[in-house]
Amino acid sequence: MKITFLSLLMITLLGCQSNDLVKKDKVSKDIQQLKTFPKLEKDRYNVAFLIMDGTFNTELTAPYDIFQHTIFRNNIKAMNVITVANTDKPITTFEGMRILPDYNYLKDALPKIDIFVIPSAEHHLDSDLEDSAMIDFVQKVAKEATYITSHCDGAFVLAKAGLLKDKVATAFPSDIDKMRIMFPDLDIRKKVLFVHDGKYITSAGGAKSFEAALYLCEFLYGKEVAKSLAGGLVIDWNVDTVPHLIVE
């Protein structure tokens, strides 16, 4: 009788555990189905930031602030600003900030991306460049995006994706020599804070990411709007004082 009783007890406990697992799995799926996406206003540029673990705060937040503030300016085609990653879970920046991505580019249906921004991340010189799914995504977006910008070592991702061929670019100053060695056929410039060549704007990064973002806004909206955006962030903006290169 002891054996029979113990057997029945074990079956009952295992059955309860199995039911708990089923319930947990259902809750997890329900949570995924309840994922909400940001509201994208019509007649705006859709600006997507590619983020991942190790993304550097400044290269993300500087252009993000500039572009997001366009919604507070009148009579311009403002910007919907979103983040995209290869996960639904929060990413952790290099400095420790946790950010929940708006879209998972591996499985979500993404809106058309007009302006694509690649901030620098900790492993953009090594392991990130071996992420074939990420490189494929960058190549896919680049085909339709009107403008593509990189900050700091985000240029390495563009180079790995083959997008800087026959283009002039720049990157984080102390990594330019490494980039020239890694991609010897590319034209990588020093002593400039950003380069605009065709649809590509590459930036030295850091706090100078503000300059590249303000330049794109001046290019799209004109000098007065750019100065207004800069003023809102207490930046004294004059593109003529910023070392840069525009490739005609």
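This is a short dialogue on reading helix 3, the cores and one loop residue in a predicted model.

User: Before any detail, how many helices and strands does the protein have, and what share of its residues counts as buried?

Analyst: There are seven helices and 12 strands. Of the 248 residues, 45% count as buried. For contacts between residues at least 6 apart in sequence, 65% join residues at least 24 apart.

User: Let's take helix 3. What span does it reach from its first C-alpha to its last?

Analyst: You compare the span with what 1.5 Å a residue would give. Helix 3 covers residues 132–144, 13 residues in total, and it reaches 19 Å, close to the 18 Å expected.

User: And which residues of helix 3 are buried?

Analyst: Buried here means under 20% relative accessible area. In helix 3 that applies to Met-134, Ile-135, Phe-137, Val-138, Val-141 and Ala-142. They sit on the same side of the helix, because they cover an arc of only 155 degrees around the axis. Turn to the other side and you find Lys-140, Lys-143 and Glu-144 exposed.

User: What do the buried residues of helix 3 pack against?

Analyst: Quite a list: strand 1 (45–50), strand 2 (79–85), strand 6 (115–118), strand 7 (147–151), helix 4 (154–160) and strand 11 (200–203).

User: How do I read the largest nonpolar core, and which of its residues touch the most other members?

Analyst: The general idea is that in soluble globular proteins, nonpolar side chains tend to be buried together. Here the largest core has 36 residues, and Leu-50, Phe-116, Val-138 and Met-179 touch the most other members. Strand 1, strand 2, strand 6, helix 3, helix 4 and helix 5 (176–182) each supply at least two residues. Helix 3 gives the most, with six.

User: Which residues does Leu-50 touch?

Analyst: Leaving out residues up to four places away in sequence, Leu-50 touches Val-84, Tyr-105, Phe-116, Val-117, Ile-118, Pro-119, Met-134, Phe-137 and Val-138. Apart from this core lies another, of 33 residues, including Tyr-45, Ile-99, Ile-201 and Val-225.

User: One last residue: where is Asp-175, and is it buried or exposed?

Analyst: Look in the loop between strand 8 (168–169) and helix 5 for Asp-175. With a relative accessible area of 10%, Asp-175 is buried. Its contacts, not counting residues up to four places away in sequence, are Leu-125, Asp-153 and Phe-156.

User: And what does the protein expose overall?

Analyst: About 13500 Å², with carbon and sulfur atoms supplying 55% of it.

Definitions and conventions: Residues numbered from 1 in each chain as written. Predicted model: local features only at pLDDT ≥ 70, side-chain atom pairs only at ≥ 80, totals over all residues. Heavy atoms only, no water. Helix = DSSP H or I, 4+ residues; strand = E, 2+ residues; numbered from the N terminus. Expected span 1.5 Å × (residues − 1). Buried < 20%, exposed > 50% of the residue type's maximum accessible area, 1.4 Å probe, protein only. Arc of directions from axis to C-beta. Contact = heavy atoms within 4.5 Å. Core = buried A, V, L, I, M, F, W, Y, C linked by side-chain atoms within 4.5 Å. Areas by Shrake-Rupley, 256 points an atom, 1.4 Å probe, with all protein chains shown as cover.
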